[in-house]
Amino acid sequence: MPVADTITCVDCGGTCHRSPFEAPELGWEVGQVVTYRCVDCHDMWYLEIDDDDLDDAASGDGPAWP
Ligand SMILES: [Zn+2]
């Protein structure tokens with residue numbers, strides 16, 4: 001599945017928004033670290049992209065993002 005725009009905060013259940021919000025021009029890369037900031041408790045979460053995250057985007061040349 002593609003890289004999520006938002007995740008749920010593990011601490012407080014709030015919404016964490018991805019930073020940067022826009023996908024990179026050349027697409028996401030495995031090993032790239034994506035930052036999420038919780039709107040409620042302002043915690044930062046760091047997720048590293050792995051192969052599973054890119055499965056959809058890897059198949060074909062079509063745009064992975066609308
Ligand atoms: Zn939170």
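Confidence comes first, since this is a predicted model. The mean pLDDT of the chain is 85, and 82% of the residues reach 70 or more. That confidence is not spread evenly. Strand E1 has the highest mean, 96, while helix H1, residues 55-58, has the lowest, 58. Where pLDDT is low, the predicted coordinates should not be read in detail. I will therefore leave the inside of H1 alone, given its mean of 58.

Now the layout. The chain contains four strands and one helix. Reading from the N terminus, the order is β-β-β-β-α. In other words, the strands come before the helix.

How are the four strands arranged? They make an open sheet in the order E1-E2-E3-E4, and the pairing is antiparallel. E1, residues 6-8, and E4 are the edge strands. Each of them has a single partner strand, so one side of each has no neighbour in the sheet. From one strand to the next, the twist averages 30°. As a reminder for the students, strands of a sheet pair through backbone hydrogen bonds, either parallel or antiparallel.

Let us walk across the sheet, starting at E1. E1 is joined to E2, residues 15-19, by three bridges, and the two run antiparallel. If you want to find the register on screen, use two pairs. Thr-6 stands opposite His-17 in E2, and Thr-8 has Thr-15 in E2 as its bridge partner. E1 and E2 form a hairpin, with six residues between the strands. In that turn, Gly-13 has a positive phi of about 80°.

The next pair is E2 and E3. They pair in the antiparallel sense over four bridges. One position to look up is Ser-19, whose bridge partner in E3 is Thr-35.

After E3, which covers 33-38, a loop leads to E4, which covers 44-48, and His-42 sits in that loop. What is unusual about the phi of His-42? It is positive, about 60°, although His-42 is not a glycine. Is His-42 buried or exposed? It counts as exposed, because it has 11 C-beta neighbours inside 10 Å and the exposed class takes 12 or fewer.

Two more residues, one from each end of the strand region. Asp-5 is in the segment before E1. With 13 C-beta neighbours inside 10 Å, Asp-5 counts as partly exposed. Its C-alpha atom is separated from that of Pro-20 by 9.5 Å, with their positions 15 residues apart along the chain.

Leu-54 is in the loop between E4 and H1. Leu-54 has 19 C-beta neighbours inside 10 Å and so counts as partly exposed; a residue is buried from 20 upwards. Which residues does Leu-54 touch, leaving aside its neighbours within four places in sequence? The contacts are Trp-28, Val-30 and Ile-49. For Val-30, the C-alpha separation from Leu-54 is 7.6 Å, and the two are 24 residues apart along the chain.

Last, the chain as a whole. Buried residues make up 5% of its 66 residues. Of the contacts with a separation of 6 or more, 47% are between residues 24 or more positions apart.

To sum up: an open antiparallel sheet of four strands, a helix after the strands, and confidence that is lowest in that helix.

Definitions and conventions: Residues numbered from 1 in each chain as written. Predicted model: local features only at pLDDT ≥ 70, side-chain atom pairs only at ≥ 80, totals over all residues. Pairing = 2+ DSSP bridges. Axes fitted to C-alpha atoms, helices over the stretch in contact; angles between N-to-C directions. pLDDT = per-residue confidence, 0-100. Contact = placed C-beta atoms within 7 Å.
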